[in-house]
Amino acid sequence: MASGLSRRRFLKNCAGFGTGLLAACNRWPLSDSSKPRVVVVGGGFAGATAAKYLKILDGAIHVSLIVPEAGYITCPASNWLFAGLGDIERLTVDYRSLQSRYGVAVVADSAKALDLSGKRVHLQSGEVRSYDRLILAPGIDFRWDRIAGYDAAAAEHFPHAWRAGPQTLMLLRQLQAMPDGGVVLIAVPADPYRCPPGPYERASMMAYWLKQHKPRAKILILDAKRSFSKQALFEAGWAKHYGYGTPQSLIEWHSLADNPLLELHADSKTLVSEFGDRFSGDVLNIIPPQTAGSIVRQSGLADAGGWCPVRPATAQSRFDDFVHVIGDAANYAPIPKSAFAANSAAKACAMAVVSLLREQPLPEAHWLNTCYSLVAPEHGISVAGVYKADSGGTISPVAGAGGVSVAKDAEAERAEAEYAQIVYRNLVADSFV
């Protein structure tokens, strides 16, 4: 990591960001007869964290968290299943602690429509929730129109697994059932999309399992980009573990930036590019291009690019001052769309919402991101960044902070793999417990 910042120190600082918010509780009144109302839509890392920290910062605020299901399966660590590490139950969290420990009103329902002028959220059940401030964390939807023949129905046969759960298990079963000598195609979209290093960690975890069970297999990564996150670190790890760069490599990476995939021929399990190149496989993992969740797009809170522009310091929508958008749906570029970044943005948003409700000065916002990936079970790599906004609202990395892991030796690689698991557990605890 750049500037001599050790891993242990960085992890300690990351944990300390939450501790600093807890200390800030003393600045806010904990009782108020007006009971301001905040509705949070979406229960992923962004929504759950925002709801929790709103109650930590000011227990007098009535916080409703709208979640479609009682449990949530985390996308972080879901790729590890392909290497035989863990199971889907270990990725599943719930919202009981948010309700019992912090007093968040958890509502198992889905937002059907937003009445922005009336400050109301209409739910699928017919219930209506009024708000003084609305926080939207709807996550992503998929652009099904980008590859002809690939839509939601086709994804039931050729899973994207970009929402953890049944699709993850389907892809895992297909991988395990594939014949030795078979081919896995992983189609990767152009930026921006959720978890930039995710496809390459997935290829790594698949390659680890194939190396043991189907060593004549091949993984082809068909990438819409010319380069990808942590590329040098991934490629070095692939060379070390999977023969990358040799004819016997388990993994091949192909940039199709100038020759995008346009069609899926489902019967022959073939993807066809603009130049007519055909890629056939036994397992097709097609990750579609992405956009913000439908509720924000239907409500006019997204721009032409499909993402929600916000004022970074407060996460307020550029289209409605009483609405805040966080997580993958919001445009916080250059901060990547990751669970860690969503958690960080949610805390900053919670502080801003409390300040706005109490008519207090806004705190200075800053954001953290760290992203660990496994190349093999005992070989981890990472990238980390610290970000701030200037007076014009543009987000920039803090010079000299963060960086990427430095490949030193097997001991350092094992340490990084251990940190990956620690960061995941701490992130889950900070968001949901």
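These are my notebook entries on a predicted model, taken feature by feature.

**Ground rules.** The model is predicted, so I took local features only at pLDDT of at least 70 and side-chain atom pairs only at pLDDT 80 or more, while totals for chains, interfaces and linings use all residues. Residues are numbered from 1 along each chain as its sequence is written, and side-chain values use heavy atoms, with hydrogens and water left out.

**Cysteines.** I searched the whole structure for disulfides (pairs of cysteine sulfur atoms within 2.5 Å). The search found zero. I then looked at C195, which is in no disulfide. Its nearest cysteine sulfur belongs to C371, 5.0 Å away. That is too far for a bond. For burial I used relative accessible area: buried is under 20%, exposed is over 50%, and partly exposed is in between (1.4 Å probe, protein chains only). C195 is partly exposed at 27%. C371 counts as buried at 11%.

**Nonpolar cores.** Here a core is a set of buried Ala, Val, Leu, Ile, Met, Phe, Trp, Tyr and Cys residues joined through side-chain atoms within 4.5 Å. The largest has 120 residues. Which residues have the most contacts inside it? They are I219, W238, I251, I326 and Y332. I also asked which helix gives the most to this core. It is α8 (residues 339-357), with twelve residues. Helices (H or I, at least four residues) and strands (E, at least two) are DSSP runs, numbered from the N terminus. Apart from the largest core lies another, of 17 residues. L256, L261, L271 and L284 are among them.

I followed I219 further, with contact meaning heavy atoms within 4.5 Å. Setting aside neighbours within four places in sequence, I219 is in contact with V184, I186, A203, M206, A207, L210, L250, I251 and E252.

**Annotated span.** UniProt, in an unreviewed entry, places the feature "domain: FAD/NAD(P)-binding" at residues 37-140. UniProt positions are in the numbering used here, feature names are shortened, and annotations may be inferred rather than shown by experiment. In the model, the end C-alpha atoms of residues 37-140 lie 26 Å apart. The span is 17% helix and 37% strand.

**Backbone exceptions.** Most residues other than glycine have a negative phi, and most peptide bonds are trans. I noted departures from both patterns.

- D191 and P192 are joined by a cis peptide bond, with omega about -5 degrees. P192 lies in the loop between β11 (183-188) and α5 (198-213).
- The bond from A333 to P334 is cis, with omega near 10 degrees. P334 lies in the loop between β22 (330-331) and α8.
- K269 is not a glycine, yet has a positive phi of about 50 degrees. It lies in the loop between β14 (261-265) and β15 (270-273). K269 is partly exposed, at 35%.
- A315 is not a glycine and has a positive phi of about 65 degrees. It is found in the loop between β19 (308-311) and β20 (316-317). A315 is buried, at 0%.

**Aromatic pairs.** Rings of Phe, Tyr and Trp (its six-membered ring) pair if their centres lie within 6.5 Å; planes under 30 degrees apart count as stacked, over 60 as edge-to-face and the rest as tilted. I found 16 pairs in the whole structure. One of them is F45 with F432, edge-to-face, 5.3 Å centre to centre and 75 degrees between the planes. F45 lies in helix α2 (residues 45-57) and F432 in helix α9 (residues 410-432), so the pair ties together parts that are 387 residues apart in sequence. F45 is buried at 5%, and F432 is buried at 2%. Elsewhere, ring pairs link Y200, F228, F234, W238, Y244 and W253 into a cluster.

**Charges over rings.** My criterion was NZ of Lys or CZ of Arg within 6 Å of the ring centre and within 35 degrees of the ring normal. K119 lies over the face of F322, 3.5 Å from the ring centre. The charged end of K337 sits over the ring of W307, 4.0 Å from its centre.

**R226.** Last entry. R226 lies in the loop between β12 (218-223) and α6 (231-242). Is R226 buried or exposed? It counts as exposed, at 56% relative accessibility. Not counting residues up to four places away in sequence, R226 touches Q231, W253, S255, A257 and D258. The C-alpha atoms of R226 and L65 are separated by 40 Å, with their positions 161 residues apart along the chain.
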